[in-house]
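The following paragraphs walk through a structure, starting from a single side chain and moving on to salt bridges and pockets. Please keep the model open while reading.

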Amino acid sequence: MQELFAQFPFDKLKEGTVVQGTITEIRQNEAVLDIGGKAEGVIPEHEFSDLGELQIGSEIEVFLEKLEDKEGRPLLSYEKAQQKKNWENILAHCTEGEIVSGRVKSKVKGGLLVSIGVDSFLPASHIDIQPPRNLDQYVGQTHDFKVLKIHHERKNIILSRRELIDEQRQQKRRDLLDKLQPGQIRKGVVKNITDFGAFIDLDGIDGLLHITDMSWNRIGHPSEILRQGEKVDVMVIDIKREKERVSLGLKQTKSNPWDNIDHKFPIGAKARGKVVNLVPYGAFIELEPGVEGLVHTTEMSWTKRIAKPSELLKVGDEVEAVVLGIQKGEQKISLGLRQLEPNPWDMVCHNYPVGARVRGKVRNMTTYGAFIELEEGIDGMVHISDMSWTRKVNYPSEVLNKSDEVDAIVLDVDPQQQRISLGMKQLTADPWTDIDAFFRIGDVVTGTVSKVANFGAFVELKDGIDGMVHISQIKEERVDKAKDVLKSGQQVTARVIKIDCEQRRIGLSIKAADYSVEQLAAETATYDQFSKSSGVAGLTNLGGIFDEASKKE
C-alpha cells in the first residue's frame, strides 16, 4: 500500500494553487476532472462558456480551493483558475483608461459584476448616460468598457461604460457639428418638450427648436404640435460651434404665408377671419393659417369708446374686417371693423354747423365740463367756461344734472378728432357788453346771497349777474367771519362800488347802502384828503375809496 501511495504525488497538490486536470467525464450540468488526487473533482456547468465544447481526455487548468470537501473530493474551480491567470495578465498588460471587452455576469449591490477575464465591478451610475432602473436587462450582454481604476492590493477593477459612451458621443457631436450648415434640412427625434420649445436629437447633438419657430400659426404650447419621441424634419437656422449650440426651425421647412401677403390681402379689401386672441388694446384675427391681423380698440367703432375688446368680440367669433395697413417685414396687418360702416362724423359738419342751436341730454360730466348726447354715438362738450356769462362755474354740477335736457350753440366742429364744442351761455347775449345799462357805480341794488366765503359773500343780482361783498363792506363794525352775519338765501341791499368789466366783477357794499349823499360826499372828501397826504392817486371811483378804507381798517 505504501508503494502504491508513493506512486501519486499527493504532497505536490496545494490548496490555493492552479493545477492541471484531465476531463474524465462530461455530465448534463457538470464536468468531472482528475487532478491526480485521492478522488476526482467536479466543476459546475456555469463556470464554462459552453459545456458542449469540452472533450473527454483534454487537459485544463483549475484552481484547487480545497484538497477535500465533506465527501472527500477536491473542491475545484475552472473560473478562478482563469481569473488568477487573467489577473496576472491584466496586471502585466492592462492600464487605467484602457478599453476592454467583457460580459455582464450578474447584478450585485450598487451595480453589475462584469467578467473581463477577471471579475470587475461596474457601478450603476457608470452603466449609461442616464442610470437605468432595471439592471437585469444587462445580464448576459457583452460590451466594451473603460477601465477606471485598478486596485492591485484588493485585486479589484472598476469599469465604466458611461464614460466610453460619452466620449463616443462627444466625438460624434464634433463630427456632426463640422458637417452642419445653416439652411440644411435634418432628420431628428423630439427628445424633450418645454414651455419655450423642444430639444431635437440630431443623432448625436441636441438642437433647440424654439416655440416661435415651430409654426407660422399661433400656438400656445409646443405640445400642441409635437410629441416626445416623434421623428421630425427640421431646418438648421444657426450654429454656435464654440458653444456647441444649434438653433432649429420647423416652420422654415414650409412656405412662408407672408411672402405674398400684399397680393392676398390688399389695403382697403375686406377679409374674413376668426378671433384667436383678445388683449387690452385690441383683438387678433386669424385670416389664414399663420397670418393674423390686429384690430385696435380705436378701430372697432366710429361712435362708441371701446374700453375692452370683449365688449364687442369673443375668441372664436367669425368676423369681417377691412385691411388698413401691412408691415410685411414685421409680419403685421392692421385691420378695422368700423370701416365696414359709414363714418357718422363725415356728416357732422353738415348736420351740426357752427352757430346752430342744438338740443340734447347730459350723458356724462367731468371736472371740466359736460358731454351732451346729440344723437346715438355723437356727443358735444360744454366746457364750464361756456356755461354762464355771469357766474364763475367751478364744477358742471353747479349748473347741470345728469340726464338733463339742455339747449346749446355749436361753437366748433373737428371731425378728425371727433369733437364738437358747445356753449350754453351763447344762447343769450352777454350782459357784460352793455353792463352800464344794468348797473352803475353808486346804484343801490337788492339781491340774494348765493355763497358765503371767508373773504366775503357772493350776491346774485338781476339777470343772473353776481356781485361780491368784501368782508370789510358788510358792517361799519369789524366782522371777523362773514358767515356770522350773512347766510345763503338771505336778501340784502347794497350799493355798487366797483365795476370791473375785464374781470367781470361787481363790487358791492352793504354798509354803504344807506349812506346819504352827504355821507358819500364826506367819505369822498375824507378819501381825497387821505390820498393827498399819502400820495395815492388814480382811484377816482367809489370802489377805490372803499378799497382804501378797507386797507386802513
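Arg357 counts as exposed, because its relative accessibility is 55% and the cut-off for that class is over 50%. The model that gives this value is a predicted one.

Arg357 has a charged partner: Asp407 forms a salt bridge with Arg357, and the closest N and O atoms of the two are 3.5 Å apart. The pair links distant parts of the chain, with Asp407 in strand β24 and Arg357 in strand β21, 50 residues apart. Asp407 is partly exposed, at a relative accessible area of 23%. The pair also belongs to a wider arrangement, a network of salt bridges in which Arg357, Arg359, Glu405 and Asp407 are linked.

Salt bridges occur elsewhere too. The structure holds 24 of them. Side chains of opposite charge can pair when their charged atoms come close. One of the salt bridges joins Lys146 and Glu167, whose closest N and O atoms are 2.6 Å apart. Lys146 lies in strand β9 (residues 142-151) and Glu167 in helix α3 (residues 162-179), so this salt bridge ties together parts that are 21 residues apart in sequence. Is Lys146 buried or exposed? Lys146 counts as buried, because its relative accessibility is 15% and the limit for that class is under 20%. Glu167, in contrast, is partly exposed, with a relative accessible area of 39%.

Another salt bridge is formed by Glu25 and Arg27, with 3.3 Å between the closest N and O atoms. Glu25 has a relative accessible area of 34% and is partly exposed. Arg27 also counts as partly exposed, at 35% relative accessibility.

The next topic is the pockets. The largest pocket holds about 900 Å³ of space. It is lined by 28 residues, and Thr303, Arg305, Trp345, Asp379 and Gln418 are the closest to its centre. Which strands each supply at least two residues of this lining? They are β21 (357-365), β22 (369-375), β23 (378-383) and β25 (419-423). With four residues, β23 gives the most to the lining of the largest pocket. By residue class, the lining of the largest pocket divides into eight nonpolar, twelve polar and eight charged residues.

The second largest pocket has a volume of about 720 Å³. Its lining consists of 24 residues, of which Thr390, Arg391, Lys392, Val393 and Phe458 are the closest to the centre. Two or more lining residues come from each of β26 (444-453), β27 (456-460), β28 (466-470) and β30 (505-509). The largest share of this lining comes from β28, which gives three residues. The lining of the second largest pocket divides into eight nonpolar, seven polar and nine charged residues.

Val393, one of the residues closest to the centre of the second largest pocket, leads to a further position in the chain. Leaving aside neighbours within four places in sequence, Ser388 is in contact with Val393 and Lys425. Where is Ser388 found? Ser388 sits in the loop between β23 and β24 (405-414). Of the two strands that flank this loop, β23 gives the most to the lining of the largest pocket, while β24 holds Asp407, the residue paired with Arg357. Ser388 is buried, because its relative accessible area is 17% and the class covers values under 20%.

Technical notes. Residues numbered from 1 in each chain as written. Predicted model: local features only at pLDDT ≥ 70, side-chain atom pairs only at ≥ 80, totals over all residues. Heavy atoms only, no water. 1 Å grid on protein atoms, 1.4 Å probe; cavity = no way out; pocket = protein on both sides within 12 Å on 5 of 7 lines; lining within 4 Å. Points joined across faces, edges and corners; volume = space filled by probe spheres on them. Nonpolar A, V, L, I, M, F, W, Y, C, P; charged D, E, K, R; others polar. Buried < 20%, exposed > 50% of the residue type's maximum accessible area, 1.4 Å probe, protein only. Contact = heavy atoms within 4.5 Å. Salt bridge = Lys/Arg side-chain N within 4 Å of Asp/Glu carboxyl O.
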